[in-house]
Amino acid sequence: MALTATCSRSGFVKRKFLYWRQTNSLLFSTNDSIVADRGKPSSKKRWRKCPQKPPWTDPLSWNERLADVVTPLWRLTYDEQLELKQKHQERILSQLCGYLSGDLHSQPPSPVRSKLRFPVLTVLPSPVRDGYRNKSTFSVNRGMDGNPKTVGFYVGTNRMGNIVCVNGDHLLNMPEKHKLVARCYQEFIRLSSLEPCLLFHTGGHWREITVRTNTKGQTMAIVYFHPQMLTPEEVAVHKAELVDYFMRGPGSVCELDSLFFQESTMTRCTHEESPYELLHGQPHIYEEVLGFKFRISADAFFQVNQAAAEVLYGKVRDLCVPNHEEGEGRTKVGGTLLDVCCGTGAIGITTSPRVDRIIGIELIEQAVEDARHNAALSNVLNCEFIPGKAEVVLPRLMSQLSSAGGSVVAAVVNPARAGLHHSVVQALRNQTSIRRLVYVSCKPDGEAMRNFRELCCAPDPRKKLTGEAFSPTLAVPVDMFPHTPHCELVLLFER
């Protein structure tokens, strides 16, 4: 059954939309505790034994249930999605203004909304709305028919004991190539003599598969495998079967450019803990963003929506280093841009033509190596990437820049969902020569809100926040994830 947004106009799907509204009424809540407690009884009754409700009593099909989990906004037109996201971002930012208008010396006040005190631009839309994901991870578990060798996405929870693995062919954000690889992997494991690994302690071997693609159509697949008690020689037999299936068998229709294999006895493993083994093809695929080339390895971070990433990085570049058109090109502002928590260097590299120097700081050494390689790919010579903790590196670095007479144009941070560690915020706040800070957040109503408050509160020696306060001056939402409630927020702070 194909699902399309246009079917929301029928009366039948309008009833389904009402069901979705009821079950997702807190989808955009800015109060995480409410979302976490959704559906739970009050604390006084939480441990009272209740009759077990039969699972999946709603009238929806499995495809609709999965679409509601993975792409909750699929029933809305894209304009309606953007309108929802705009209102949600404005609610979050009005909450920030409420915090800033309170007494920030004391405990954080309740999240009272306040009138916006700075401009919030209209959400920048994604240039690509369907099939935009360049990375997808498909799970293996029991399907709707009970077959444990089903490849797709989960509906249900372990706690409720109602997990079902549903094929993702109908999902709007998945490209056709990813769906094809998933179908072929399902066929392969069903042909294999080995069982799937549904729970580590119950045995089994075949686990999920990750598919990565680029705009040129190159495809990388990473198969995850639990060796259990198999010998290396026995594992080698099944690796050979995997290669044969995808290179010479029915899976050759996928035209894989890279096939990786990772043996893992844990839920998640880094390359250092359990190396990715290249079974066939090239070790990397490559992508371009704003004219710069980036290497994508099996575990490297890269924005899942390449087209929207160009919108995002272009806007971040403009806010970090604003300048004006002169003649046929842009003037170079000069100075130094600090890219804190720089990852693989995308923001710094794409901004490099506008400044004299980019200095990136990143805790993960592998990411620093990737950033250096990415700069070399595009012959970017003014980027330097330093491994280490930002709170340790920043004070020493700022002292060196000051003694050398260098000027800092701006700092930019793009942390993970967990936000910045308090010590990093301290370091940014207390370096008085940083007058302009661009914060990129994928979850501004989470831990990032704590970062915003600490950047903007009055000086507080108890928290070692002694530098002059920043003020938010502009917010730009960017839609990186159509059909989902998620939205990237770029927030400019100045002082």
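Guide: Contact means heavy atoms within 4.5 Å. This is a predicted model: local features need pLDDT of at least 70 and side-chain atom pairs 80 or more, while totals for chains, interfaces and linings use all residues. Residues count from 1 along each chain as its sequence is written, and side-chain values use heavy atoms, without hydrogens or water.

Visitor: Which residues is Phe 385 in contact with, leaving aside neighbours within four places in sequence?

Guide: Phe 385 lies in strand E14 (383-387). Strands (E, at least two residues) and helices (H or I, at least four) are DSSP runs numbered from the N terminus. The partners are Cys 342, Gly 345, Ile 349, Gly 360, Val 368, Ala 371, Arg 372 and Ala 375.

Visitor: What is the strand order of the open sheet?

Guide: Seven strands form it, with mixed pairing (at least two DSSP bridges). E14 and E17 (471-478) are the edges, each pairing on one side only. The order is E14-E13-E12-E15-E16-E18-E17.

Visitor: What angle does helix H9 make with E14?

Guide: H9 (residues 365-377) packs on the sheet, touching E13 (357-362) and E14. Axes are fitted to C-alpha atoms, for helices over the stretch in contact, and angles run from 0 to 180 degrees between N-to-C directions. The angle is about 170°.

Visitor: Which residue in E16 stands opposite Val 412?

Guide: Three bridges join E15 (residues 408-413) to E16 (residues 436-441). The two strands run parallel. Opposite Val 412 stands Val 438.

Visitor: How many residues has the largest nonpolar core?

Guide: Such a core joins buried (under 20% relative accessible area, 1.4 Å probe, protein chains only) Ala, Val, Leu, Ile, Met, Phe, Trp, Tyr and Cys through side-chain atoms within 4.5 Å. Phe 385 and Val 438 are among those with the most contacts inside it. Helix H7 (residues 306-320) gives the largest share, seven residues. The core has 46 residues.

Definitions and conventions:
Buried < 20%, exposed > 50% of the residue type's maximum accessible area, 1.4 Å probe, protein only.
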